[in-house]
Amino acid sequence: MLEVQENAEPDAAPVAVRLCGWREHTRLLRTGEADAALMFEPYDPGGIDADVVAVEPRVAALPADHALAGVSRIQLADLGIGPEEVSERAERDIGEQGVHDLAQLLALIGLGATMTVLPQSVAARYPRRAVAYVPIEDCPPAALVIAWPERSRSRGVAALVRAAAAVAESRGMGAAVEASR
């Protein structure tokens, strides 16, 4: 676990930050093992407060030798995915493949075992020779949220939430708005 204090508001308590696997964010928040989490929707909002800090396009993550890997843009129908399935697609793919994290899912995509839909920023952070990322023209955007336990009254967490929103805004990632839950 990493505690963040540098450049925090004066007198703010440190905030616990942990790297975790897929679907662990909300559990860590609910058990008090983490004070805040950056995560993409959807998630189980029970006991969690969140603010949207960025909205971004999604891409298809395909095996590099897939027939659509070399095209500049695709449609959801090209993937056999309906707009109502998009938000749950990576969750479903991870569950069906029996993997525990994004690295394992990307390895399976590279082997040609599956494909999925991911936020564009995830694709940028996880380049793989065996995986092609293709923009999807008609795909609903992904929402990145900063989340915290709803019972939290920590000044450090509040400062972190404000800082996350400010950084996202300064990078043109979309205005921070309160998530509707």
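Which residue in strand 7 does Pro63 stand opposite? Let's find out by walking through this predicted model.

## The three-stranded sheet

It's Val131: that residue of strand 7 faces Pro63. Strand 5 covers residues 58–63, and five bridges hook it up to strand 7, with the two running antiparallel.

Now bring in another strand. Strands 6, 5 and 7 make an open sheet, in the order 6-5-7, with antiparallel pairing. Strand 6 (116–119) and strand 7 sit at the edges with a single partner strand each, so each has one side without a neighbour in the sheet. Going from one strand to the next, the twist averages 40°.

## A helix against the sheet

Helix 3, made of residues 86–97, packs on this sheet and touches both strand 5 and strand 6. Compare the directions of helix 3 and strand 6, and you get an angle of about 115°.

## Tyr126 in its loop

Look next at the loop between helix 5 (120–125) and strand 7 (131–135), because that's where you'll find Tyr126. Is this residue buried, partly exposed or exposed? Its relative accessible area is 30%, which falls between the 20% and 50% cut-offs, so Tyr126 counts as partly exposed.

Who does Tyr126 touch, if you skip neighbours within four places in sequence? The contacts are Leu102, Leu106 and Tyr133. Ala103 is 23 residues away from Tyr126 along the chain, yet their C-alpha atoms are separated by 8.2 Å.

## A cis bond in another loop

Finally, check out Pro42, in the loop between strand 3 (37–40) and strand 4 (48–56). The peptide bond joining Glu41 and Pro42 is cis, with omega at about 5°.

Conventions:
Residues are numbered from 1 along each chain as its sequence is written. This is a predicted model: local features need pLDDT of at least 70, side-chain atom pairs count only at pLDDT 80 or more; totals for chains, interfaces and linings use all residues. Side-chain values use heavy atoms; hydrogens and water are left out. Helices (H or I, at least four residues) and strands (E, at least two) are DSSP runs, numbered from the N terminus. Buried means under 20% relative accessible area, exposed over 50%, partly exposed in between (1.4 Å probe, protein chains only). Contact means heavy atoms within 4.5 Å. Two strands pair if DSSP finds at least two bridges between them. Axes are lines fitted to C-alpha atoms, for helices over the stretch in contact, and angles run from 0 to 180 degrees between N-to-C directions.
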